[in-house]
Amino acid sequence: MSSLQMYMLLGALIFLLGLHGLLVLTDPIRRLIAVNLMGAGTFMIMVTLARRTDPADPVLHALVVTGLVVAISATAFALRLITANLITETPNLAENNAAQSDTTLSQQGSPPT
Amino acid sequence: MSLLLDSLAWLLMIFGLLFFITGALGLIRFPDIYSRLHAVTKTDTLGLGLLAAGLAIKSESVSTALLLLFIWLLVLASGAVSCQLLARYSLESDPAATGISEHIPGESDDR
Amino acid sequence: MSLMIVDFVPDLILAFLVICMAWGAMHARSRHDAMAMFVAFGLVVALIWARLGAPDLALAEAAIGAGLTGVLLLQAARQIPAEPRTMKKTTVQFILPLVFIVLAIALFASQLFSDDALNISEQARIRPDVGLSAPSMSDRVHLAMPDSGVGHPVTAVLLNFRAWDTLLELLVLLLALSGLRQLYPSSQSAQKKSDGPLVRGPEPWPLLLAWSRFLAPLLIVMGGYLLWRGADAPGGAFQAGALLAAAAVVLRLAGLLPALRWSSLTVRLAINVGALLFMTVAALTLYFGAGWLHYPAAQAGILILGIEVFATLSIAITLTLLVIGEYEDLHT
């Protein structure tokens, strides 16, 4: 077993762990993390495949660099979808949240002693 | 001479790693955020310093050594600032929980 | 033999760590622990990229995974109510997918070890009819390097050979940002109640301010360095953009940077200039040159540098707005 084979296996394992989390979990943020983990597993397999040649394959590296930036923007959009959905669906919760953030703000806002 | 320098570098790095281990232990085992911060920042600054010193000796080039020194100083300062920031924040948001055994809600439910 | 095992130990440690982090990032008891685990996961993955000989990725992952993702998640978690504790799945529901995972991994491993899948490179060299497999692609990139205008293969692929991908990726960033902006009105009611921005760090506090003021120019210099070095060494527009975005987020949280308002023409221009310049260059090469995004070899270097500089600006501002700028934006 070479270290490349181990990293292939690790990538597959992380992908499947993420899939498992996506199936099992209910909290939206945790599910989003699970999707991100699946992405990380895919990237890991791609980078390992790039390693087959001795100067590592720059095409796969470039694809993964692009993928990382796309992943973070998709995550930002998904988080926004999650919060927007929660706030419109349950106005009471939104009010509670606003009240909570008010209190935290006022606590933060107290001048340092 | 080179053997002496080499063993000195290894010694420094091993001591640095030991400090990291104690810091991690403290992070896991200590009861509240203040003692945890204490454990992590203190041991990490010293551990990283020893590690950087060992690596600087091993690198045998002045520019790399200076670079390592610079990295250490940066981590030192940002560690100090973020430690103070965390401690202040938890103090301001929950002034009651200053005792050693106090449990800070939402911060350490599982440890 | 023993040397091989010693070489193998760091890989095994990293693998163990990354599996623990991945599990913890989903199944830690409190949501904040899970998010902290995910940030740590990003750091360990950055180490793995470095270990796999991909420093470009390590740089990008460290800036994005460790810097931006954490802020993003914590920001969102602040607005979502605490998760209900009662919605636990039963053991069977938990175990069945796990069995599926074990089976899938076993299948994957048997394929991996029986076919010796990773030795494809030698086969491809012996038999050219394997054609478009990755190794020959890599060879083609290295053959075309002298005409690319830059010295680093990854940058050449990103901005010359596969510039289409990069252009579309800038458009994806724009799309994500405009999608985000479409969702503002729904949360406006909640925002207006708190008479002020939701996102605000601690009150200006001397030590933090001083440190941020020291850090800001340093980070800008580092971003410029990454951008400049990208032509010949690991680095480039994406890494520099992510680093600058992380810097901007830190400064915003410290209250040192004014809000990036969408209504400001400068911000809108900065967000769009990368994609606009890219498309202008593409159109010019289409009309005057060899075709869409085929740079003339003599001017390739300067064209790529120009595109990269403005793409970095666009990526940095867009990522900053994606991560943090949106809330203050409401009060314009």
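Okay, a definition before anything else: I'm calling a residue buried if 20 or more other C-beta atoms lie within 10 Å of its own. Keep in mind, too, that this is a predicted model.

With that in hand, let's start with chain A. Of its 113 residues, 56% count as buried. Chain A has four helices and zero strands, so to read it along the sequence you just go α-α-α-α. If you take the contacts in chain A between residues at least 6 apart in sequence, 46% of them join residues at least 24 apart.

Let me pick one residue there, Leu49(A). You'll find Leu49(A) in helix H2 of chain A, which covers residues 28–50. Buried or exposed, then, for Leu49(A)? It counts as buried, because it has 23 C-beta neighbours inside 10 Å, and the cut-off was 20 or more. Now look over at Tyr7(A): it sits 42 residues from Leu49(A) along the chain, and the two C-alpha atoms are separated by 9.6 Å.

On to chain B. Here we have three helices and zero strands, and from the N terminus the elements run α-α-α. Of the 111 residues in chain B, 15% count as buried. For contacts between residues at least 6 apart in sequence, 63% in chain B join residues at least 24 apart.

Helix H2 of chain B, residues 33–59, is one to click on. It has 27 residues and reaches 37 Å from first C-alpha to last, close to the 39 Å expected at 1.5 Å a residue. Right after H2(B) comes Glu60(B), and its phi is positive, near 60 degrees.

Now the cores. The largest nonpolar core has 121 residues, and the members that touch the most others are Ile14(A), Val47(A), Val18(C), Ala25(C), Leu68(C), Ala242(C) and Ala245(C). Which residues does Ala25(C) touch, leaving out those up to four places away in sequence? From chain A there are Ile33(A) and Leu37(A), and from chain C there are Ala34(C), Met37(C), Phe38(C) and Phe41(C). There's also a second, separate core of eight residues, and that one includes Leu12(B), Leu51(B), Ala56(B) and Leu68(B).

Staying with chain C, have a look at a helix pair. H8(C), residues 163–182, packs against H12(C), residues 265–288, at an angle of about 150 degrees, with the axes 10 Å apart. The crossing of H8(C) and H12(C) is left-handed. On the H8(C) side the contact is made by Leu167(C), Leu170(C), Leu171(C), Leu174(C) and Leu177(C). From H12(C) you get Ile271(C), Gly274(C), Ala275(C), Phe278(C), Met279(C) and Ala282(C). Split by type, the residues of that contact are 10 nonpolar, one polar and no charged. As for the spacing along a helix, there are 3.6 residues a turn, so residues three or four places apart point the same way.

Last stop: helix H4 of chain C, residues 91–114. Its 24 residues reach 34 Å from first C-alpha to last, close to the 34 Å expected at 1.5 Å a residue. How many of the 24 residues of H4(C) are buried? The number is zero, so H4(C) lies largely in the open. Phe100(C) is found in this helix, and with 14 other C-beta atoms within 10 Å it is partly exposed. If you measure from Phe100(C) to Val221(C), which is 121 residues away along the chain, the C-alpha atoms are separated by 49 Å.

That's my tour.

Notes
Residues numbered from 1 in each chain as written. Chains lettered and ligands numbered in written order. Predicted model: local features only at pLDDT ≥ 70, side-chain atom pairs only at ≥ 80, totals over all residues. Axes fitted to C-alpha atoms, helices over the stretch in contact; angles between N-to-C directions. Helix = DSSP H or I, 4+ residues; strand = E, 2+ residues; numbered from the N terminus. Left-handed = near helix turned anticlockwise from the far one by under 90°. Contact = placed C-beta atoms within 7 Å. Nonpolar A, V, L, I, M, F, W, Y, C, P; charged D, E, K, R; others polar. Buried ≥ 20, exposed ≤ 12 C-beta atoms within 10 Å, placed from the backbone. Core = buried A, V, L, I, M, F, W, Y, C linked by C-beta atoms within 7 Å. Expected span 1.5 Å × (residues − 1).
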